Amino acid sequence: MKLVTIDCIPGGQPGAVLESGEILHLARAASPGTAETWLPSHLRDILGAGSEGLDLVRRMVAHVEETGEDAREALRASGALLPEGTRLLAPLPSPRLIVSVGQAYRGHVAEMKGKPPSEPHGFLKAPSAVTGPFADIPLPPQAPDMVDYEGELCVVIGRDCHNVSEEEAMACVAGYMVTNDVSARDHVPMIGKASTTPEARHAWDLVHMGKQYPGFSPMGPALVTAEEIADPNALELVTRVNGAVMQQANTDDFIFPLARVISYFSQWYALAPGDIISTGTPGGVGYGHDPKVLMRPGDVVDVTVTGLGTLSNRFVAG
């Protein structure tokens, strides 16, 4: 099942993508006097209802998939069935928590001339950086010259998840999304120049701050529920800039499998439904190319992950 947030009111409303590509507006499609009218107005809260919430949406989708054209035409007329291409927000436009994994792929660690970590490494990313799957991304006026792309797979948590084992971890996953961990690289050279621990710590702080600007986390287009993805550790990821392939890798290049990553971060964070783990980027980032490929106004970055769809975001002057 593919779940989206429709850009129809401030904050959006949940929808589901049909096989035809049309989008079922869940609130408008709810049958009066049934449990369907109970559905929360935000996707995060539907996930918070656990299997009951998702199963209710599945039944609504299945019912519409089985209806004839006359019934679908009535849904279109009422605004409950929207056309493919309807404007979307990020599936989770205001997440509570985003954990971003760094140094996650062998190829990316090698191109950045680093050493593979002995355990997962990560940082928090500001929810205010989240934007829609087809939104324009402003180049920050205070740091416009070294902006880079990082195509990534996201894990969306579907149940309370704290200090879980690797064996338990994947049962905590609601689904997956695509993201681009956009990064201003201005301070990356400071890492190599650092001669003391405080200097190195300050450099890394600035590198992570360069990922927090508004619009630097486009996500979507859909949250694809976990049962749709047979093996998230074997997905193809491709990033294109103006149509040219820049990143092409498989998640089998992860240094740590997803179960290890989820279990590791759950030792500290009390993860909850709708929380996001952005699982890091493979080799091929713009900073790693020679010459470097850095974003300029008008550049379009597409990130595609097998079974999850494609983000397509244009950079504009801030």
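A residue counts as exposed when its relative accessible area is over 50%, and as buried when that area is under 20%. The structure here is a predicted model. On the side of helix α3 away from its buried residues, Ser51, Glu52, Arg59, His63 and Glu66 are exposed. The points below cover two helices, a buried charge, a loop tyrosine and some backbone details.

**Helix α3**
- Helix α3 covers residues 51-66, and its 16 residues should span 22 Å at 1.5 Å a residue. The end C-alpha atoms are 22 Å apart, which agrees.
- Its buried residues are Gly53, Leu54, Leu56, Val57, Met60, Val61 and Val64. They cover an arc of only 160° around the axis, so they sit on the same side of α3.
- These buried residues pack against three strands, β1 (2-6), β2 (13-17) and β3 (23-25). They also pack against the helices α1 (26-29), α2 (43-48) and α4 (69-78).

**Helix α8**
- Helix α8 has 13 residues, running from 197 to 209. From first C-alpha to last, α8 reaches 18 Å, close to the 18 Å expected at 1.5 Å a residue.
- Ala203, Val207 and His208 are the buried residues of α8. Seen down the axis, they fall within an arc of 135°, so they line one face of the helix.
- On the other side of α8, Pro198, Arg201 and Met209 are exposed.
- The buried residues of α8 pack against strand β7 (121-124) and helix α7 (188-193).

**Glu152, a buried charge**
- Glu152 lies in strand β11, which spans residues 151-157.
- Glu152 is buried but has no salt bridge. The nearest side chain of opposite charge belongs to Lys211, 5.6 Å away. A salt bridge needs a Lys or Arg side-chain nitrogen within 4 Å of a carboxyl oxygen, so this pair does not qualify.
- A polar atom of the Glu152 side chain lies 3.0 Å from the backbone nitrogen of Gly280.
- Beyond its neighbours within four places in sequence, Glu152 touches several residues, including Met177, Asp181, Leu237, Ser278, Gly280 and Val305.

**Tyr269, in a loop**
- Tyr269 sits in the loop between α9 (258-266) and β17 (276-278).
- Tyr269 has 26% relative accessibility, so it counts as partly exposed.
- Leaving aside neighbours within four places in sequence, Tyr269 is in contact with Leu97, Val99, Leu124, Cys161 and His162.
- Glu227 is 42 residues from Tyr269 in sequence, and their C-alpha atoms are 25 Å apart in space.

**Cis peptide bonds**
- The bond from Gly220 to Pro221 is cis, with omega near -5°. Pro221 belongs to strand β14 (residues 217-225).
- The bond from Asp290 to Pro291 is also cis, with omega near 5°. Pro291 is in the loop between β17 and β18 (300-305).

**Positive phi angles**
- Asn163 is not a glycine, yet its phi is positive, near 55°. Asn163 lies in the loop between β11 and α6 (166-169). With a relative accessible area of 52%, Asn163 is exposed.
- Asn242 is not a glycine either, and its phi is positive at about 50°. Asn242 lies in the loop between β15 (236-241) and β16 (244-250). With a relative accessible area of 49%, Asn242 is partly exposed.

Notes. Residues numbered from 1 in each chain as written. Predicted model: local features only at pLDDT ≥ 70, side-chain atom pairs only at ≥ 80, totals over all residues. Heavy atoms only, no water. Helix = DSSP H or I, 4+ residues; strand = E, 2+ residues; numbered from the N terminus. Buried < 20%, exposed > 50% of the residue type's maximum accessible area, 1.4 Å probe, protein only. Lys, Arg positive; Asp, Glu negative; His and termini not counted. Polar contact = N/O pair within 3.5 Å; in protein donor to acceptor, adjacent residues only side chain to side chain. Contact = heavy atoms within 4.5 Å. Expected span 1.5 Å × (residues − 1). Arc of directions from axis to C-beta.
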